[in-house]
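Work through the exercises below with the sequence and the 3D structure open. Each task is followed by a solution in steps.

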Amino acid sequence: MQSEYDPAAIETAAQQYWDANRTFRALEDPGREKFYCLSMFPYPSGRLHMGHVRNYTIGDVIARYQRMLGKNVLQPMGWDAFGLPAENAAIKQGIPPSRWTRANIETMKGQLARLGFGYDWSRELATCDPDYYRWEQWLFTRLMEKGLAYRAKATVNWDPVDQTVLANEQVIDGRGWRSGAIVEKREIEQWSVRITAYAQELLDAIDSLAGWPEQVRTMQRNWIGRSEGLYMLFGIEGSDEVLGIYTTRPDTVMGVTYVAVAAEHPLACARAEHDPELAAFIDECRRGGTSEAELETMEKKGQRLGLNAIHPITGEPVPIFAANFVLMGYGTGAVMAVPAHDQRDWELAQRYGIPKRQVIVAADGGDSGIATGAYVDKGVLVDSGPFDGLTSEQAFDAIADWLAERGRGEQRVNFRLRDWGVSRQRYWGCPIPVIHTPDGGIRPESDLPVRLPEDLVVDGSGSPLKRMETFSNLPEGEIRETDTFDTFFESSWYYARYCSADCDTAMLDERARYWLPVDQYIGGVEHAVLHLLYARFFHKLMRDEGLVDCDEPFARLLTQGMVVAETWYREDAEGVRTWYNPAEVEVSRDDKGKLLGGVLKADGRAVIFGGVEKMSKSKNNGVDPEALIERYGADTVRLYTIFTAPPEQSLEWSDEGVEGAARFLRRLWTLAAGCAEALQSAATADADDAVTAARREIHRALKKALFDYERQQFNTVVSGCMTMVNALYKLDAGKPAHAATLREGLGIVLRLLAPIAPHLAHHLWRELELGDDVLAAPWPRVDETALAQDIVRYVVQVNGKVRGKVQVPADAGRDAIEAAALADANVRRFTAGKAVHKVIVVPNKLVNVVAK
């Protein structure tokens, strides 16, 4: 066995072995317990970043661990290949997006291979392949037939930079999630899918997702947003029309002093035709916020319509305002405004001098004033006519009954969740399989797939499909739909297609029933109410088509933390910042490691510390995984990303930490190389004290490592391996009993490390003649007899301070332990002249003497 650790050589050899033996090829076997492990597939941007590396390393560790437990493991990989980044990059380069995308896939596939990830590449898919997207087109036509997909005018979020519609979930703080442009509101015809038809089921099933982080479950509950309230009808003065509103606080209805409608509401639009000031206000609102969070914080503005609504109980007229904080897409696009008991209503009333009528006070007589803001808590009704004295809860039913008896209202359940708008006015996406007929009708395509022309060069002036008559113009005056699907459509079912990736007769076949649900899913928490909610919805659609027989797609979810690093910059006179990579900065710290400052290595001048942030191109604080692999090897990169932090926590990058991971692997290699020859002739021999101590330490660390694997705390598994290696270094391979323990200990360490540093473990397992393939070796088990101790060491405290240490036989009783502690010379010195009131014994650890 060579004495020097050569990562490049052993990693190439291990990967060749896995490829030649098709080690990670997954085949259905009803006789074995299956385990489907999946990491969220990447967008083929062209290069892996450290976030990818961490995500996929965690997934590979879990998959290999489950394989070593004897399970039939599936771990596939593919590409989320459609989307705006490819289109925008292709515009810059003047090439078709397809060429850019497929070249990037090949590059990134090679990068993943270098890291040794155990993927079943026979199931590889790319969402831009017609063989893939034909089946989502087929499902969409089925949804059309069921009335679950429809086309209608809707107020949408319009990204003026990317020139496309965004779903509500894709608007972050009023800006497009990809472009960062301020989103506008427009009314256009678009295709939607009725996710609201599944809202209650999606909500109820969250409780069954015991393997998901509570944070994600809470985010989904809040996004679905079930509420119980009252739908009531306000009349419109001088008209037979009515204005429907929904409220969860009918107890405040007697405090209504105005009604607010969305700027796009038909009432507002009709009045704006003859009111230039109102028309200007509506135009301003179109450029305003679209998210609820933004509406909460924006300045509240309104414009009178010159119309009054009629209160459904009192019959009093109240003015109608168009308001910038009411969204047409939520509820009816109109709200009853109760300034005394809703802060948004209070702010608008304060701005325009609208009366505030308090009708709720604190039940306990506490402060419930409205001088500085709305009183929003529930309480007891006052100034509410027949409902005076009722609690808010009692008033809910009483007011609902009163209105229902008169045909002016009814109790309803409402959801914050809106139908999913899936139309996008871009080129690089899956064509929506619909034909528009000359008579204004629509029908689903029957000849699938509708292939996206791939040889087009886009110029950024909207989708070229709209100008491509050979695509859109069909015989007999029919027109093909030129919108494409939101790319979340593709990523909502890819996990299922992996199960039947080569099936050309159906979306899924019987193999999906074997593999689904995914047992372990790994990805970022940022997908909680986008991809993860859509995937749950899609799964139920496929279930209702008879394609799958389980209700949820992912049994267990791990949301890994971000990879973060220091940021450094300089700022010019105009305030423009230039960011420098941490590798370009020489950092100074005090003797306790506290950061003092940094200078740029190139010129020796100071740079400013910008904090520790997620690795990104914009802050130039990323690390190139390929450069790390070239320098240290894939196993070092994998080991470092696993060892530095628990999977769900952020990993703060440290070059010193990478060096430390490399040192440990070299140390393990040196240990194995130094005793390899002796291990071949290792024979059973009587154990001496060194062997007994080493085995006790190894099996104690093993017991914890096995537990840590179960709870996915892989960083402490690595710590345990380091403890074992330290214990093994204390042995002498020249002694038979020591050599046997070295063989046992190295066998344990290599099996524990096989999921984490697989190339090194594979190579050493074979070099030490422990077997052919460490992945096929039985998972290590604790030898409980090795944990037995003849002597137990106790720390002795006097009044809480350590004053001595004693050794007693492992079977010593309490009296013997107390006697030994009190007999210690140093303990006697600190108890001299004092009365011992109590002796507390913590078994196998501590004795505390209380003396006064």
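The exercises cover cysteines, an aspartate, a small sheet, a cavity and a pocket.

This is a predicted model, in which local features need pLDDT of at least 70, side-chain atom pairs count only at pLDDT 80 or more, and totals for chains, interfaces and linings use all residues. Residues are numbered from 1 along each chain as its sequence is written, and side-chain values use heavy atoms, with hydrogens and water left out.

**Exercise 1. Find how many disulfides there are, and check C37 and C128.**

Step 1. A disulfide is a pair of cysteine sulfur atoms within 2.5 Å. The count by this rule is zero.

Step 2. For C37, the nearest cysteine sulfur belongs to C499 and is 13 Å away, and C37 is in no disulfide.

Step 3. For C128, the closest cysteine sulfur is in C430, at 11 Å, which is too far for a bond.

Step 4. Buried means under 20% relative accessible area, exposed over 50%, and partly exposed in between (1.4 Å probe, protein chains only). C37 has 0% relative accessibility and so counts as buried; C128, at 0%, counts as buried too.

**Exercise 2. Locate D509 and state whether it is buried or exposed. Then list its side-chain polar contacts with S500 and R511.**

Step 1. Helices (H or I, at least four residues) and strands (E, at least two) are DSSP runs, numbered from the N terminus. D509 sits in the loop that runs between α15 (494-497) and α16 (511-515).

Step 2. The relative accessible area of D509 is 14%, so this residue is buried.

Step 3. A polar contact is a pair of N or O atoms within 3.5 Å; within protein, one must be able to donate a hydrogen and the other to accept it, and residues adjacent in sequence count only if both atoms are side-chain atoms. The side chain of D509 makes such a contact with that of S500 at 2.9 Å, and with that of R511 at 2.8 Å.

**Exercise 3. Give the strand order of the open sheet with three strands, and its edges.**

Step 1. Two strands pair if DSSP finds at least two bridges between them. The order is β20-β19-β21, with antiparallel pairing.

Step 2. β20 (442-444) and β21 (479-480) each have a single partner strand, so they are the edges and one side of each lacks a neighbour in the sheet.

Step 3. Two bridges join β19 (residues 434-436) to β21, and H436 is placed opposite I479 of β21.

**Exercise 4. Describe the largest cavity and the second largest pocket.**

Step 1. On a 1 Å grid over the protein atoms alone, a cavity is a set of points where a 1.4 Å probe fits but cannot get out, and a pocket is an open set with protein on both sides within 12 Å along at least five of seven lines; lining residues have an atom within 4 Å of a point. Grid points are joined across faces, edges and corners, and a volume is the space filled by probe spheres set on the points.

Step 2. The largest cavity has a volume of about 160 Å³. Among its 16 lining residues, G83, L84, R424, D486 and T487 are closest to the centre.

Step 3. The second largest pocket holds about 960 Å³. It has 34 lining residues, with Y246, T248, V335, D342 and R344 closest to its centre. α11 contributes the most to this lining, four residues.
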